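Welcome, and thanks for taking a look at this one with me. Below are some numbered notes to read alongside the model.

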Amino acid sequence: MEISNIDLRDAFFEEVISIAEKDKDVIFLTADMGAFSLGRYKKEFPAQFINVGIAEQCLISVAAGLALGGKRVFAYGIAPFATMRCFEQIKVDLCCNNLPVTVVSVGAGYTYGSDGPTHHATYDIAAMRVLPEITILNPSDSTMTSSCARMAYKEDGPKYIRIERGKLPLLYKDEDNIDFSDGLASLKGGSDLTIIATGIMVHRAFEVMNRLRQHSIDAGIIDLYRIKPVNKELLLGLIGQSKNIVTLEEHSIIGGIGSIVSEILSDVGDSTPLKRIALSDTHCYEYGGREWLHSIYELDVDSIVKKILDCS
(Lines give C-alpha, C1' and ligand atoms only; values in the text may rest on other atoms or scores of the structure.)
Protein backbone atom coordinates (compact mmCIF):
# COMPACT_ATOMS: atom_id res chain seq x y z
CA MET A 1 0.00 0.00 0.00
CA GLU A 2 1.06 3.58 -0.60
CA ILE A 3 2.29 5.35 2.55
CA SER A 4 0.62 8.69 3.19
CA ASN A 5 2.94 11.69 2.98
CA ILE A 6 1.15 13.45 5.81
CA ASP A 7 0.94 12.81 9.53
CA LEU A 8 -2.60 11.89 10.56
CA ARG A 9 -2.75 14.76 13.04
CA ASP A 10 -1.70 17.21 10.35
CA ALA A 11 -4.34 15.79 8.00
CA PHE A 12 -6.96 16.65 10.61
CA PHE A 13 -5.60 20.10 11.47
CA GLU A 14 -5.11 21.09 7.82
CA GLU A 15 -8.79 20.39 7.23
CA VAL A 16 -9.76 22.38 10.32
CA ILE A 17 -7.67 25.26 8.94
CA SER A 18 -9.63 25.20 5.67
CA ILE A 19 -12.88 25.18 7.65
CA ALA A 20 -11.79 28.03 9.93
CA GLU A 21 -10.86 30.17 6.93
CA LYS A 22 -14.53 30.18 5.92
CA ASP A 23 -16.17 30.23 9.36
CA LYS A 24 -14.96 32.63 12.05
CA ASP A 25 -17.16 30.82 14.59
CA VAL A 26 -14.77 27.85 14.54
CA ILE A 27 -12.66 27.84 17.70
CA PHE A 28 -9.78 25.48 18.45
CA LEU A 29 -8.82 24.79 22.06
CA THR A 30 -5.78 22.85 23.21
CA ALA A 31 -4.57 21.56 26.56
CA ASP A 32 -0.98 22.61 25.86
CA MET A 33 -0.68 20.13 22.99
CA GLY A 34 1.07 20.82 19.70
CA ALA A 35 1.57 19.57 16.14
CA PHE A 36 3.05 21.11 13.00
CA SER A 37 -0.23 22.17 11.42
CA LEU A 38 -1.64 23.29 14.76
CA GLY A 39 1.16 25.85 14.92
CA ARG A 40 0.03 27.15 11.55
CA TYR A 41 -3.57 27.37 12.77
CA LYS A 42 -2.47 29.39 15.83
CA LYS A 43 -0.46 31.77 13.64
CA GLU A 44 -3.19 32.32 11.05
CA PHE A 45 -6.21 32.44 13.40
CA PRO A 46 -5.01 33.78 16.77
CA ALA A 47 -8.52 35.01 17.63
CA GLN A 48 -9.88 31.49 17.05
CA PHE A 49 -7.30 29.66 19.16
CA ILE A 50 -7.04 29.21 22.93
CA ASN A 51 -4.47 27.23 24.89
CA VAL A 52 -6.02 26.55 28.30
CA GLY A 53 -2.83 24.90 29.55
CA ILE A 54 -2.53 21.49 31.15
CA ALA A 55 -6.07 21.66 32.49
CA GLU A 56 -8.25 19.25 30.56
CA GLN A 57 -11.35 19.63 32.72
CA CYS A 58 -11.16 23.36 32.13
CA LEU A 59 -10.68 22.63 28.41
CA ILE A 60 -14.07 20.91 28.22
CA SER A 61 -15.92 23.50 30.28
CA VAL A 62 -14.50 26.39 28.26
CA ALA A 63 -15.46 24.54 25.07
CA ALA A 64 -19.00 24.15 26.40
CA GLY A 65 -19.27 27.86 27.18
CA LEU A 66 -18.08 28.82 23.72
CA ALA A 67 -20.54 26.38 22.12
CA LEU A 68 -23.39 27.86 24.15
CA GLY A 69 -22.34 31.19 22.64
CA GLY A 70 -22.78 29.87 19.12
CA LYS A 71 -19.27 28.61 18.34
CA ARG A 72 -18.24 25.33 16.70
CA VAL A 73 -15.49 24.05 18.95
CA PHE A 74 -12.64 21.57 18.63
CA ALA A 75 -10.93 20.65 21.93
CA TYR A 76 -7.61 18.82 21.68
CA GLY A 77 -5.74 16.76 24.26
CA ILE A 78 -4.06 13.43 25.06
CA ALA A 79 -6.62 10.62 24.85
CA PRO A 80 -6.62 9.37 28.48
CA PHE A 81 -6.70 12.90 29.88
CA ALA A 82 -9.23 14.33 27.41
CA THR A 83 -11.69 11.55 28.22
CA MET A 84 -11.41 9.85 31.61
CA ARG A 85 -10.03 12.87 33.45
CA CYS A 86 -12.89 14.91 31.98
CA PHE A 87 -15.66 12.34 32.06
CA GLU A 88 -18.01 14.37 34.24
CA GLN A 89 -17.44 17.54 32.21
CA ILE A 90 -18.10 15.70 28.95
CA LYS A 91 -21.22 14.12 30.41
CA VAL A 92 -22.71 17.23 32.03
CA ASP A 93 -21.33 20.16 30.02
CA LEU A 94 -21.32 18.63 26.54
CA CYS A 95 -23.67 15.66 26.36
CA CYS A 96 -26.48 16.82 28.63
CA ASN A 97 -26.57 20.05 26.62
CA ASN A 98 -25.98 18.24 23.29
CA LEU A 99 -23.39 20.85 22.28
CA PRO A 100 -21.42 20.95 18.99
CA VAL A 101 -18.03 20.29 20.57
CA THR A 102 -15.54 17.80 19.14
CA VAL A 103 -13.11 16.27 21.61
CA VAL A 104 -10.03 15.48 19.54
CA SER A 105 -7.54 13.10 21.13
CA VAL A 106 -4.14 11.75 20.22
CA GLY A 107 -2.55 8.76 21.91
CA ALA A 108 -4.98 5.87 21.49
CA GLY A 109 -3.95 2.54 22.98
CA TYR A 110 -0.23 2.24 23.69
CA THR A 111 0.85 5.25 21.60
CA TYR A 112 2.58 6.67 24.66
CA GLY A 113 3.96 3.30 25.66
CA SER A 114 7.08 4.66 27.29
CA ASP A 115 5.06 6.83 29.69
CA GLY A 116 3.29 4.04 31.54
CA PRO A 117 -0.34 3.35 32.43
CA THR A 118 -1.13 6.98 33.24
CA HIS A 119 -0.76 7.74 29.52
CA HIS A 120 -2.36 4.63 28.04
CA ALA A 121 -5.78 5.02 26.40
CA THR A 122 -7.04 1.46 26.53
CA TYR A 123 -10.56 1.94 27.87
CA ASP A 124 -11.58 5.31 26.47
CA ILE A 125 -14.05 3.76 24.01
CA ALA A 126 -15.73 1.85 26.82
CA ALA A 127 -16.05 5.04 28.87
CA MET A 128 -17.22 7.34 26.09
CA ARG A 129 -19.74 5.06 24.44
CA VAL A 130 -22.05 4.93 27.46
CA LEU A 131 -22.86 8.63 26.98
CA PRO A 132 -26.18 8.83 25.09
CA GLU A 133 -25.54 11.83 22.83
CA ILE A 134 -21.93 11.27 21.76
CA THR A 135 -20.55 10.17 18.38
CA ILE A 136 -17.22 8.27 18.38
CA LEU A 137 -14.94 8.23 15.34
CA ASN A 138 -11.68 6.27 14.98
CA PRO A 139 -10.11 6.95 11.55
CA SER A 140 -7.59 4.54 10.05
CA ASP A 141 -5.69 6.70 7.53
CA SER A 142 -5.05 10.35 6.64
CA THR A 143 -7.84 10.55 4.06
CA MET A 144 -10.43 9.45 6.58
CA THR A 145 -8.91 11.60 9.32
CA SER A 146 -9.34 14.67 7.14
CA SER A 147 -12.93 13.66 6.39
CA CYS A 148 -13.61 13.26 10.12
CA ALA A 149 -12.82 16.94 10.63
CA ARG A 150 -15.45 17.87 8.04
CA MET A 151 -18.02 15.49 9.52
CA ALA A 152 -17.41 16.82 13.02
CA TYR A 153 -17.88 20.39 11.83
CA LYS A 154 -21.11 19.69 9.93
CA GLU A 155 -22.84 17.45 12.45
CA ASP A 156 -24.48 18.68 15.63
CA GLY A 157 -23.90 17.24 19.07
CA PRO A 158 -20.72 16.18 20.87
CA LYS A 159 -18.12 14.06 19.10
CA TYR A 160 -15.05 12.13 20.26
CA ILE A 161 -12.33 11.46 17.67
CA ARG A 162 -9.26 9.26 18.27
CA ILE A 163 -6.42 10.37 16.00
CA GLU A 164 -3.21 8.43 15.39
CA ARG A 165 0.24 9.97 15.21
CA GLY A 166 2.60 9.39 12.30
CA LYS A 167 2.18 8.34 8.67
CA LEU A 168 0.23 5.21 7.80
CA PRO A 169 -0.52 3.39 4.53
CA LEU A 170 -3.46 4.82 2.62
CA LEU A 171 -6.57 2.68 2.71
CA TYR A 172 -8.69 5.33 1.00
CA LYS A 173 -7.72 7.90 -1.64
CA ASP A 174 -8.88 11.51 -1.85
CA GLU A 175 -9.62 11.25 -5.55
CA ASP A 176 -12.15 8.49 -4.89
CA ASN A 177 -14.41 11.05 -3.16
CA ILE A 178 -15.48 8.50 -0.57
CA ASP A 179 -18.53 9.25 1.54
CA PHE A 180 -17.68 8.09 5.04
CA SER A 181 -21.20 8.60 6.35
CA ASP A 182 -21.82 4.83 6.35
CA GLY A 183 -19.65 4.46 9.45
CA LEU A 184 -17.89 1.30 8.24
CA ALA A 185 -16.43 -0.13 5.07
CA SER A 186 -15.67 -3.58 3.71
CA LEU A 187 -12.06 -3.38 2.54
CA LYS A 188 -11.83 -7.01 1.46
CA GLY A 189 -14.26 -9.89 1.32
CA GLY A 190 -13.42 -13.28 2.78
CA SER A 191 -15.07 -16.67 2.52
CA ASP A 192 -13.76 -18.14 5.80
CA LEU A 193 -13.87 -15.32 8.33
CA THR A 194 -14.30 -11.57 8.67
CA ILE A 195 -11.98 -9.41 10.75
CA ILE A 196 -13.62 -6.27 12.14
CA ALA A 197 -11.02 -3.73 13.23
CA THR A 198 -10.75 -0.03 14.00
CA GLY A 199 -8.04 2.63 13.79
CA ILE A 200 -4.45 1.46 13.54
CA MET A 201 -5.50 -2.17 13.97
CA VAL A 202 -7.08 -2.13 10.50
CA HIS A 203 -3.52 -2.13 9.19
CA ARG A 204 -2.64 -5.01 11.50
CA ALA A 205 -5.66 -6.86 10.09
CA PHE A 206 -4.11 -6.75 6.61
CA GLU A 207 -0.90 -8.26 7.97
CA VAL A 208 -2.93 -10.99 9.66
CA MET A 209 -4.95 -11.58 6.48
CA ASN A 210 -1.77 -12.17 4.49
CA ARG A 211 -0.45 -14.62 7.07
CA LEU A 212 -3.72 -16.53 7.19
CA ARG A 213 -3.47 -17.11 3.44
CA GLN A 214 -0.48 -19.34 4.19
CA HIS A 215 -2.89 -21.52 6.15
CA SER A 216 -5.46 -21.53 3.30
CA ILE A 217 -7.78 -19.22 5.25
CA ASP A 218 -9.53 -16.49 3.26
CA ALA A 219 -10.12 -13.55 5.59
CA GLY A 220 -12.14 -10.43 4.91
CA ILE A 221 -11.65 -7.04 6.60
CA ILE A 222 -14.20 -4.47 7.80
CA ASP A 223 -13.05 -1.04 8.96
CA LEU A 224 -15.40 0.06 11.75
CA TYR A 225 -14.50 3.73 11.91
CA ARG A 226 -17.69 5.11 13.45
CA ILE A 227 -17.84 3.25 16.73
CA LYS A 228 -20.96 5.04 17.91
CA PRO A 229 -23.57 5.03 16.56
CA VAL A 230 -22.81 1.79 14.73
CA ASN A 231 -24.53 1.27 11.40
CA LYS A 232 -26.04 -2.00 12.58
CA GLU A 233 -27.96 -2.82 9.40
CA LEU A 234 -24.91 -2.43 7.17
CA LEU A 235 -22.67 -4.31 9.59
CA LEU A 236 -25.08 -7.25 9.83
CA GLY A 237 -25.45 -7.26 6.06
CA LEU A 238 -21.68 -7.39 5.51
CA ILE A 239 -21.08 -10.19 8.01
CA GLY A 240 -24.25 -12.08 7.17
CA GLN A 241 -22.41 -14.69 5.11
CA SER A 242 -19.38 -14.96 7.41
CA LYS A 243 -18.55 -18.37 8.84
CA ASN A 244 -16.59 -16.77 11.67
CA ILE A 245 -16.07 -13.24 12.99
CA VAL A 246 -12.97 -11.78 14.64
CA THR A 247 -12.83 -8.36 16.28
CA LEU A 248 -9.40 -6.75 16.58
CA GLU A 249 -8.62 -3.68 18.67
CA GLU A 250 -5.94 -2.00 20.75
CA HIS A 251 -8.37 -1.52 23.61
CA SER A 252 -9.53 -3.42 26.66
CA ILE A 253 -11.44 -6.62 26.00
CA ILE A 254 -14.20 -4.99 28.06
CA GLY A 255 -16.40 -2.40 26.39
CA GLY A 256 -14.66 -1.95 23.03
CA ILE A 257 -15.67 -3.01 19.53
CA GLY A 258 -15.64 -6.67 20.52
CA SER A 259 -18.31 -5.93 23.09
CA ILE A 260 -20.21 -3.78 20.60
CA VAL A 261 -20.29 -6.47 17.92
CA SER A 262 -21.23 -9.20 20.40
CA GLU A 263 -24.11 -7.04 21.69
CA ILE A 264 -25.39 -6.47 18.15
CA LEU A 265 -25.21 -10.17 17.28
CA SER A 266 -26.91 -11.14 20.53
CA ASP A 267 -29.73 -8.65 20.04
CA VAL A 268 -30.67 -10.19 16.67
CA GLY A 269 -30.09 -13.78 17.74
CA ASP A 270 -27.12 -14.30 15.42
CA SER A 271 -25.01 -17.24 16.61
CA THR A 272 -22.07 -16.80 14.23
CA PRO A 273 -18.88 -17.70 16.16
CA LEU A 274 -17.11 -14.56 17.38
CA LYS A 275 -13.51 -14.32 18.60
CA ARG A 276 -12.63 -11.06 20.37
CA ILE A 277 -8.94 -10.13 20.21
CA ALA A 278 -8.06 -7.19 22.39
CA LEU A 279 -6.04 -6.24 25.47
CA SER A 280 -6.63 -8.30 28.58
CA ASP A 281 -8.31 -6.79 31.62
CA THR A 282 -5.11 -5.59 33.25
CA HIS A 283 -2.96 -2.49 33.53
CA CYS A 284 0.27 -2.42 31.56
CA TYR A 285 3.28 -1.69 33.76
CA GLU A 286 5.81 -2.39 31.02
CA TYR A 287 7.59 0.60 29.48
CA GLY A 288 8.63 0.62 25.83
CA GLY A 289 7.64 1.20 22.24
CA ARG A 290 4.16 0.47 20.96
CA GLU A 291 5.15 -2.49 18.78
CA TRP A 292 7.10 -4.06 21.64
CA LEU A 293 4.11 -3.71 23.96
CA HIS A 294 1.96 -5.34 21.29
CA SER A 295 4.26 -8.35 21.38
CA ILE A 296 4.06 -8.47 25.19
CA TYR A 297 0.27 -8.22 25.23
CA GLU A 298 -0.35 -10.48 22.22
CA LEU A 299 -1.46 -7.94 19.64
CA ASP A 300 1.43 -8.71 17.31
CA VAL A 301 0.81 -10.62 14.07
CA ASP A 302 2.13 -13.96 15.36
CA SER A 303 -0.06 -13.89 18.46
CA ILE A 304 -3.19 -12.84 16.58
CA VAL A 305 -2.74 -15.52 13.92
CA LYS A 306 -2.21 -18.16 16.59
CA LYS A 307 -5.40 -17.12 18.40
CA ILE A 308 -7.39 -17.34 15.17
CA LEU A 309 -5.91 -20.71 14.23
CA ASP A 310 -6.62 -22.08 17.69
CA CYS A 311 -10.30 -21.29 17.13
CA SER A 312 -10.55 -22.72 13.63
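1. How do the axes of helix α8 and α12 come together, and at what angle do they cross? In this predicted model, the axes of α8 (residues 201-213) and α12 come within 10 Å, with a crossing of roughly 60°. An angle that is neither under 35 degrees, nor over 145, nor from 65 to 115 counts as oblique, and α8 and α12 are therefore oblique to each other. Their crossing is right-handed.

2. It is worth finding the residues that make this helix pair. On the α8 side they are Met201, Arg204, Glu207, Val208, Arg211 and Leu212, and they meet Val301, Asp302, Ile304, Val305, Ile308 and Leu309 of α12. An α-helix has 3.6 residues a turn, so residues three or four places apart point the same way.

3. Next, please look at the five-stranded sheet. This open sheet has the strand order β7-β9-β8-β11-β12, and its pairing is mixed. At its edges are β7 (184-188) and β12 (274-279), each of which pairs on one side only. From one strand to the next, the twist averages 20°.

4. Strand β11 (residues 245-252) deserves a visit of its own. It runs parallel to β12, with five bridges joining the two, and parallel to β8, with four bridges. To trace these pairings, start from isoleucine 195, whose bridge partner in β11 is valine 246. On the other side, threonine 247 has arginine 276 in β12 as its bridge partner, while serine 252 stands opposite leucine 279 in β12. β11 is also mostly covered, with eight of its eight residues buried.

5. Which helices lie on this sheet? One of them is α9, which lies across β7, β8 (193-197), β9 (219-224) and β11 and runs at about 20° to β7. Helix α12 (residues 301-311) packs on the sheet too, touching β8, β11 and β12, and its direction makes about 155° with that of β12.

6. Glutamate 250 is a good residue to zoom in on. Glutamate 250 is found in strand β11, and is it buried or exposed? Because buried means under 20% relative accessible area, glutamate 250, at 6% relative accessibility, counts as buried. Its side chain reaches the backbone nitrogen of tyrosine 110 at 3.1 Å, and a polar contact of 2.6 Å joins it to the side chain of arginine 290. Leaving out residues up to four places away in sequence, glutamate 250 touches several others, including Ala108, Arg162, Met201, Leu279 and His294.

7. Helix α10 (residues 257-267) comes next. Its buried residues are Ile257, Gly258, Ser259, Ile260, Val261, Ile264 and Leu265. They pack against β8, β9, β10, α9, β11 and β12. Just after α10, look for glycine 269, which takes a positive phi of about 75°.

8. How do α9 and α10 cross? Their axes come within 11 Å and cross at roughly 85°, which makes α9 roughly perpendicular to α10. Here Lys232, Leu235, Leu236 and Ile239 in α9 meet Val261, Ile264 and Leu265 in α10.

9. Asparagine 231 sits in the loop between β10 (226-228) and α9 (232-239). With 18% relative accessibility, asparagine 231 counts as buried. Its side chain reaches the backbone nitrogen of leucine 234 at 3.2 Å. Not counting residues up to four places away in sequence, asparagine 231 touches Asp182, Leu184 and Arg226.

10. Finally, do visit the other sheet. This open sheet of seven strands has the order β2-β1-β3-β4-β6-β5-β10, again with mixed pairing. β2 (49-51) and β10 stand at the edges with a single partner strand each, so one side of each has no neighbour in the sheet. Neighbouring strands of this sheet are turned by 20° against each other on average, direction ignored. Within the sheet, β3 (residues 72-78) and β4 (residues 101-106) pair in the parallel sense over six bridges, and the bridge partner of glycine 77 in β4 is serine 105.

Methods: Residues are numbered from 1 along each chain as its sequence is written. This is a predicted model: local features need pLDDT of at least 70, side-chain atom pairs count only at pLDDT 80 or more; totals for chains, interfaces and linings use all residues. Side-chain values use heavy atoms; hydrogens and water are left out. Buried means under 20% relative accessible area, exposed over 50%, partly exposed in between (1.4 Å probe, protein chains only). A polar contact is a pair of N or O atoms within 3.5 Å; within protein, one must be able to donate a hydrogen and the other to accept it, and residues adjacent in sequence count only if both atoms are side-chain atoms. Contact means heavy atoms within 4.5 Å. Two strands pair if DSSP finds at least two bridges between them. Axes are lines fitted to C-alpha atoms, for helices over the stretch in contact, and angles run from 0 to 180 degrees between N-to-C directions. A crossing is left-handed if the near helix is turned anticlockwise from the far one by less than a right angle, and right-handed if clockwise.
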